[in-house]
Amino acid sequence: DDSISVKLEAGSARPRFVGRIIRNIDLNAETPLWMKEKLRRAEIRSIDPVVDITNYVMLELNHPMHAYDCQKLNGTIVVRQSQQGEKISLLDGSEMTLHSDTILITDDSGPIGMGGVMGGISTAVTEDSKDIFLEAAFFEPTAIAGRARSYGMSTDAAHRFERGVDWQGQEAAIERATALMLEI
């Protein structure tokens with residue numbers, strides 16, 4: 001199947017969610033030195049080409065992005081408000097027990113990301129990933145403001161989302177990231 005279904009239920013956050021599947025990525029490819037250097041100067045650690053590209057596009061276009069391993073996604077992606085007490089394991093290794101006011105990205109397996117803050121570990125891109133689902137979103141700044149801090153976190157994505165990103169910038173971010181993926 002060449003599609004991923006997305007359902008938006010977080011009405012007051014006015015989410016906009018744009019995605020693209022990119023197949024047959026090569027995580028053994030080397031992130032170009034110029035990109036590593038731009039990331040380093042912004043105090044962002046180079047990880048792998050996929051993460052580096054999403055971070056670079058965030059710097060270049062002020063639009064946070066996230067990449068999921070397609071093989072780890074299960075069913076429909078749903079963007080909704082969290083329920084009090086739901087749990088998520090994040091990319092940084094932390095496990096959070098959520099409040100009821102957090103935007104949550106889920107699939108049929110449960111929470112896979114805190115909207116506008118950080119992705120979950122269960123769908124993370126790893127050295128074994130072959131196909132990715134690249135995502136660029138928009139959330140109303142008031143829906144993100146203070147959420148990361150309420151969990152004792154500070155992320156580049158939350159910093160940008162709570163101050164406002166271009167509500168129409170998702171397509172430009174996806175196109176730029178795709179072009180860089182194909183180039184690298």
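In this predicted model, the side chain of T31 makes a polar contact with the side chain of D52, at a distance of 2.7 Å. T31 is placed in the loop between strand 2 (16–22) and helix 1. With a relative accessibility of 5%, T31 counts as buried, because the limit for that class is under 20%. Leaving aside residues up to four places away in sequence, T31 touches K36, S46, D48, P49 and D52. Two of these partners, P49 and D52, are among the buried residues of helix 2.

Helix 2 comprises 13 residues, 49–61. At 1.5 Å a residue, a helix of this length should span 18 Å, and the C-alpha atoms at its ends are 18 Å apart, so expectation and model agree. At the N-terminal end, helix 2 is capped by D48, a side-chain oxygen of which lies 3.0 Å from the backbone nitrogen of V50. Just after the helix, N62 adopts a positive phi of about 55°. The buried residues of helix 2 are P49, V50, D52, I53, T54, N55, Y56, V57 and M58. The elements that cover these residues include helix 1 (33–41), strand 3 (65–69), strand 10 (132–138), helix 5 (156–163) and helix 6 (170–183).

Aromatic pairs were examined next. A pair of aromatic rings is described by the distance of the centres and the angle of the planes. The structure holds three such pairs. One of them is formed by W34 and Y56, whose ring centres are 5.3 Å apart and whose planes stand at 80°, an edge-to-face arrangement. This pair links distant parts of the chain, since W34 belongs to helix 1 and Y56 to helix 2, 22 residues apart. The two partners fall into separate classes of accessibility: W34 is partly exposed, with a relative accessible area of 36%, whereas Y56 is buried, with a value of 9%. In a further pair, the rings of Y68 and F133 have centres 6.0 Å apart and planes at 40°, and the pair is therefore tilted. Y68 lies in strand 3 and F133 in strand 10, so that this pair ties together parts of the chain 65 residues apart in sequence. Y68 is buried, with a relative accessible area of 1%, and F133 is likewise buried, at 4%. Strand 3 and strand 10, which hold these two rings, are also among the elements that cover the buried residues of helix 2.

Strand 4 (residues 77–81) is largely enclosed by the rest of the structure, because four of its five residues are buried. Strand 4 pairs with strand 1 (residues 6–8) in the parallel sense, over three bridges. In this pairing, K7 stands opposite V78 in strand 4. Strand 4 also pairs with strand 7 (residues 103–107), here in the antiparallel sense and over four bridges. Q81 stands opposite I103 in strand 7.

Charged side chains contribute a further set of contacts, with a count of 13 salt bridges. One of these involves K7, the residue that stands opposite V78: K7 forms a salt bridge with E9, the closest N and O atoms being 3.3 Å apart. Both partners are partly exposed, E9 with a relative accessible area of 43% and K7 with 45%.

Another salt bridge joins the side chains of K36 and E30, with an N to O distance of 2.4 Å. K36 is partly exposed at 28% relative accessibility, while E30, at 55%, counts as exposed. K36 is also one of the residues touched by T31.

Within helix 1, the side chains of R40 and E37 meet in a salt bridge of 2.4 Å, N to O. R40 and E37 are three residues apart, about one turn of the helix. R40 counts as exposed at 52% relative accessibility, because the limit for that class is over 50%. E37 is partly exposed, at 25%. The bridge between R40 and E37 belongs to a network of salt bridges that links E37, R40 and R41.

Terms used. Residues numbered from 1 in each chain as written. Predicted model: local features only at pLDDT ≥ 70, side-chain atom pairs only at ≥ 80, totals over all residues. Heavy atoms only, no water. Expected span 1.5 Å × (residues − 1). Buried < 20%, exposed > 50% of the residue type's maximum accessible area, 1.4 Å probe, protein only. Contact = heavy atoms within 4.5 Å. Polar contact = N/O pair within 3.5 Å; in protein donor to acceptor, adjacent residues only side chain to side chain. Pairing = 2+ DSSP bridges. Phe/Tyr/Trp six-rings, centres within 6.5 Å; stacked < 30°, edge-to-face > 60°. Salt bridge = Lys/Arg side-chain N within 4 Å of Asp/Glu carboxyl O.
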